[in-house]
Every structure is written in structure tokens, then in C-alpha cells.
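Biologist: Could you walk me through the aromatic side chains and the nonpolar surface here? I would like the reasoning as well as the values.

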Amino acid sequence: MKNTVKKSLLCLGIVSALGVMASTEAMAQDAGFFVSGQVGASRYDISGSGKERATAAGVGIGYNFNPMVGLELGYNDYGTAKAKNFNVDGTAKSTQLSVLLSGPIGNEWSVYGRLGAASTERKTTGFGASSTDRKTEAVYGVGFGYNFAKNIKGTLEYQKVGSTSGDGTGVDALMAGVKFNF
């Protein structure tokens, strides 16, 4: 978990350094490129032991076609969770391509939704063995944004990758982040 936190802080530091060029004004997210970074908590199923928690981190790069529609390519590391009842560790990572639809709520606040596809890799290690599962699955989410300046937005997002029905391999996360528009 310490490595995930260090990686998360490093990712946010890099993204923050890229945002130094941001200017000040109330409404953000005009057309143009953006970078983002986020950290938070994740949950996913490990070998039938139920939902286990870990620390998640992610980065993204994208393009806003206008203030309401954007496209983002992102990478999320959902951390390493340890099954409480078993000697099993699980990790999950995904590369995602998502459409972002957003709308303003007042001058500084906005709400947005995410819909896309994710290439996800899950690893389970324990009992002297390990297994890796790779699949392409849906990613969706909903979040709020707050414009600190014209090109700097804080975000809070709930995100879901995969499904909990059937094989129960869904991953979800609640993450806070920063988005810098250029």
C-alpha cells in the first residue's frame, strides 16, 4: 500500500506541475486538451472472499470538444487488496477510453458522467499460486467538478469497471482529483 500511495503522490505531483500554466477565471473546461490525476479508495472481489478495499490512483489525458463533451484516455491502478479471511492478495489495473458528458450547476460547479471501455488486468496471488485475468469491459461513472480557476478543476468521482453479476469481478472506486485544461 505504501508503494501505491507513493505512486499516487508522484502522479499528482506531475499533473500539478503541468497545471502551473493555468490562468484564473470562473468557468473552466472550454474546448482543448486536459490532463488529470486522482487518488481514492477502491473495492473489488478477491477469490470469493467478498469486496476488499485498497488505495486507487489514476492519470488521464483528453480533449474537450466543447464545454459539454470530452474524450479521455486514462490509466487506473486500483491498488493491492488483501483478503481478510484468506492469505490472498489481489490487484487490478485498467487502461480506459471514455466519453465524458458534463453540465454546469451554477458558476463554479458541474456534474459529469463517464461511459467507455476498459482493458483490465486482475492478478490474484495466494496459497502458493497466482493467476492473471485480462478482459475488455465497460467503464462508467458519475462525478462533480469545482472550478478553482479557469483551467483548474477539482473532481470527485465514483467509477465502476466491469460487472458484479455472474463472475463478480467488478471494480469500483471513489476518487478525488485535479484536472488541468490547456
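Biologist: Happy to start with a single ring: is Tyr146 buried, partly exposed or exposed?

Modeller: A word of caution that this is a predicted model. The relative accessible area of Tyr146 is 28%. Buried would need under 20% and exposed over 50%, so Tyr146 is partly exposed.

Biologist: Thanks! And how is the ring of Tyr146 set against that of Phe148?

Modeller: The two ring centres, of Tyr146 and Phe148, are 5.0 Å apart. Phe148 itself counts as exposed, at 59% relative accessibility. The planes of the pair meet at 75°, and an angle over 60 degrees is the cut-off needed here, so Tyr146 and Phe148 are edge-to-face.

Biologist: How many aromatic pairs does the structure hold?

Modeller: Tyr146 with Phe148 is one pair. Another is formed by Phe33 and Tyr63, with 4.8 Å centre to centre and 70° between the planes, again edge-to-face. For the whole structure, the number of aromatic pairs is 4.

Biologist: How many residues apart are Phe33 and Tyr63?

Modeller: Phe33 belongs to strand E1 (residues 32-45), and Tyr63 to strand E2. Phe33 counts as exposed at 52% relative accessibility, while Tyr63 is partly exposed at 29%. Their pair links distant parts of the chain, and the separation is 30 residues.

Biologist: Which residue joins Phe33 and Tyr63 in one aromatic cluster?

Modeller: Look to the loop between strand E2 (51-64) and E3, where Phe65 is placed. With a relative accessible area of 48%, Phe65 is partly exposed. The residue that forms one aromatic cluster with Phe33 and Tyr63 is Phe65.

Biologist: Now the surface: which element gives the most to the nonpolar patch?

Modeller: The patch is formed by Ile61, Phe65, Leu71, Leu73, Leu97, Val99 and Leu101, with about 620 Å² of accessible area together. Two elements give two or more residues to the patch, strand E3 (69-82) and strand E4 (88-105). With 3 residues, the element that gives the most is E4.

Biologist: Lovely. How far apart in space are Thr124 and Val88, C-alpha to C-alpha?

Modeller: Thr124 is in strand E5 (residues 109-126), and counts as partly exposed at 22% relative accessibility. In sequence, Thr124 and Val88 are 36 residues apart. In space, their C-alpha to C-alpha distance is 6.9 Å.

Biologist: One last ring, then: which residue lies over the face of Phe34?

Modeller: A charge counts as over a ring when, among other conditions, it is within 6 Å of the ring centre. Here the distance from the ring centre of Phe34 is 4.1 Å, and the residue is Lys179.

Note on methods: Residues numbered from 1 in each chain as written. Predicted model: local features only at pLDDT ≥ 70, side-chain atom pairs only at ≥ 80, totals over all residues. Heavy atoms only, no water. Patch = residues over 30% accessible without salt bridge, like charges linked within 9 Å, V, L, I, M, F, W, Y side chains within 5 Å. Areas by Shrake-Rupley, 256 points an atom, 1.4 Å probe, with all protein chains shown as cover. Salt bridge = Lys/Arg side-chain N within 4 Å of Asp/Glu carboxyl O. Helix = DSSP H or I, 4+ residues; strand = E, 2+ residues; numbered from the N terminus. Buried < 20%, exposed > 50% of the residue type's maximum accessible area, 1.4 Å probe, protein only. Phe/Tyr/Trp six-rings, centres within 6.5 Å; stacked < 30°, edge-to-face > 60°. Lys NZ or Arg CZ within 6 Å of the ring centre and 35° of its normal.
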